[in-house]
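Dear colleague,

I am handing over the structure we spoke about, and my notes on what was found in it follow directly below. Please read them with the coordinates open beside you.

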Amino acid sequence: MFSDFDKSAMTRALELAARGLDTTDPNPRVGCVISHGERVIGEGWHERPGEAHAEVAALRSAREDPAGSTVYVTLEPCSHFGRTPPCINALISARVRRVVFAVQDPNPLVSGKGASALQAAGIAVDSGLMETEAVELNVGFMKRMKQGRPWVRLKLAMSLDGRTALASGASQWITGEAAREDVQHWRARSSVVMIGAGTLAADDPRLDVRLPGENRRQPLRVVLDARLRTSASARLFSTGGKVLILTASDEEARPVTSANVVPLDRTLPLERTLPSPNGGNSRPALSRAEARAQLAERGARVENVPSRGNQLDLGAVLERLAAMDVNEVLLEAGAKLAGAFVRESLVDEMLLYMAPKLLGPQARPLVELPEIHSLDLARQWVVHETVQLGDDLRIRLRPRRR
């Protein structure tokens with residue numbers, strides 16, 4: 001059905017689409033190639049939201065009249081008005097002869113409608129060429145449109161014996177510089193970098209993308225904090241970019257104490273208990289309204305999500321993020337939160353960085369999971385990719401679905 005040239009052109013379209021890996025969010029990454037016979041006359045890719053889609057960019061770059069040409073695009077051409085007009089209108093106006101796309105757009109506003117409109121205009125349409133590769137490029141967009149939840153990528157760094165930190169909590173650095181730089185690239189492509197309140201208090205991470213380039217898009221930083229104990233002095237407020245704190249409702253959460261939320265004084269440790277003006281051990285507990293006000297002053301948005309017991313409903317968290325057009329979540333969690341996501345089968349992919357070190361049995365574990373008494377009950381993963389990064393190894397794994 002597809003010729004060698006068809007495959008070559010679609011391969012090139014996928015390469016072009018990948019150029020938007022860090023920039024198109026929340027839109028999908030899409031590339032396009034236009035040819036007359038086996039002669040390429042135009043190329044393009046979607047670079048940023050609000051800018052030309054791949055098909056329009058390729059038509060604009062065409063060195064010859066595209067009438068009678070074949071268009072290769074990695075995603076079904078859109079048929080609705082968003083920030084830009086429908087791509088099918090541009091293709092029909094250009095009088096192209098044939099459109100080949102890799103995968104049907106799962107967006108219900110488009111799905112199947114783009115292909116039907118092209119066919120109604122007399123344009124030949126073929127689909128399914130290199131579909132697996134096109135889906136892989138947009139796993140988050142595909143999942144959000146089909147399931148109403150983003151793709152969750154859990155990032156963990158461990159020693160050979162599966163430990164993430166010394167018993168004291170010291171963990172900088174288990175992995176080397178190459179592995180840490182690699183994490184920056186995964187952050188750059190993500191819609192959200194997410195942590196729990198415990199990791200924020202223990203490590204005080206910035207969670208920003210620190211790669212070369214001006215005007216680099218920064219992912220939304222999300223903190224899961226049922227008790228609203230995020231410190232207003234945390235470093236993630238000092239680097240710019242947006243911060244969202246998801247917490248339990250006021251009725252479900254315990255009171256916030258002054259040990260949880262600290263005034264804006266970087267000379268104080270994040271978790272230090274402040275002296276009371278009356279000479280006691282600590283100040284009176286802050287209300288959640290006061291805690292919210294401190295965080296809002298630092299530019300954070302605080303939202304309530306449903307909770308179960310003393311923990312946030314993680315499924316509700318993901319559904320809320322999907323409603324915000326979040327495609328990919330990079331979860332940089334400690335053992336407890338990582339274990340909760342794994343237990344609830346909410347992890348789509350694991351990025352496991354393994355350093356050639358041994359930390360011993362007293363060091364902290366990778367994830368906290370309940371004890372099992374049979375190997376048949378073990379959670380199983382499939383190795384998707386392995387990459388050597390300096391002395392370390394990055395292993396990408398995906399759950400083996402039962």
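Let me begin with Asp25, which counts as buried because its relative accessibility is 18% and the limit for that class is under 20%. Please keep in mind throughout that this is a predicted model.

Salt bridges

Asp25 is one half of a salt bridge with Arg217, in which the closest N and O atoms are 3.9 Å apart. The two residues sit in distant parts of the chain, 192 residues apart, with Arg217 in the loop between helix H8 (197–203) and strand E9 (220–224) and Asp25 in the loop between helix H1 (4–18) and strand E1 (31–36). Arg217, for its part, is partly exposed, with a relative accessible area of 23%.

In total, the structure holds 30 salt bridges, and two others may be worth your attention. Glu319 pairs with Arg149, with 3.1 Å between the closest N and O atoms; since Glu319 belongs to helix H10 (residues 314–323) and Arg149 to the loop between H6 and strand E6 (151–158), this pair ties together parts that are 170 residues apart in sequence. Glu319 is partly exposed at 42% relative accessibility, and Arg149 is likewise partly exposed, at 23%.

The other is formed by Glu385 and Arg396, whose closest N and O atoms are 3.1 Å apart. Here Glu385 lies in strand E17 (residues 381–389) and Arg396 in strand E18 (residues 392–399), so the parts that the pair ties together are 11 residues apart in sequence. Glu385 is partly exposed, with a relative accessible area of 27%, whereas Arg396, at 9% relative accessibility, counts as buried. Both residues also belong to a network of salt bridges, whose members include Arg29, Glu136, Arg153, Glu328 and Arg398.

Cavities and a pocket

How many cavities of 30 Å³ or more does a search of the whole structure find? There are two, and the largest has a volume of about 50 Å³. Asp25 appears again in the lining of this largest cavity, together with Thr24, Asn27, Pro28, Arg29, Asn138, Gly140, Phe141, Asn327 and Glu328. By class, that lining divides into two nonpolar, five polar and three charged residues.

The second largest pocket encloses about 510 Å³ of space. Its lining comprises 25 residues, and those nearest the centre of the pocket are Asn27, Pro28, His53, His80 and Asn107. Helix H2 (54–61) and helix H6 (139–147) each contribute at least two residues to the lining of this pocket, and H6, with three residues, provides the largest share. The lining of the second largest pocket has 11 nonpolar, eight polar and six charged residues.

An open sheet

Finally, five strands form an open sheet with mixed pairing, in the order E2-E1-E3-E4-E5. Strand E2 (39–45) and strand E5 (124–127) stand at the edges and have a single partner strand each, so that one side of each is left without a neighbour in the sheet. Neighbouring strands of this sheet are turned against each other by 15° on average, with direction ignored. E1 and E2 run antiparallel and are joined by six bridges; as a point of reference, Arg39 in E2 is the bridge partner of His36.

With best regards

Note on methods. Residues numbered from 1 in each chain as written. Predicted model: local features only at pLDDT ≥ 70, side-chain atom pairs only at ≥ 80, totals over all residues. Heavy atoms only, no water. 1 Å grid on protein atoms, 1.4 Å probe; cavity = no way out; pocket = protein on both sides within 12 Å on 5 of 7 lines; lining within 4 Å. Points joined across faces, edges and corners; volume = space filled by probe spheres on them. Helix = DSSP H or I, 4+ residues; strand = E, 2+ residues; numbered from the N terminus. Nonpolar A, V, L, I, M, F, W, Y, C, P; charged D, E, K, R; others polar. Salt bridge = Lys/Arg side-chain N within 4 Å of Asp/Glu carboxyl O. Buried < 20%, exposed > 50% of the residue type's maximum accessible area, 1.4 Å probe, protein only. Pairing = 2+ DSSP bridges. Axes fitted to C-alpha atoms, helices over the stretch in contact; angles between N-to-C directions.
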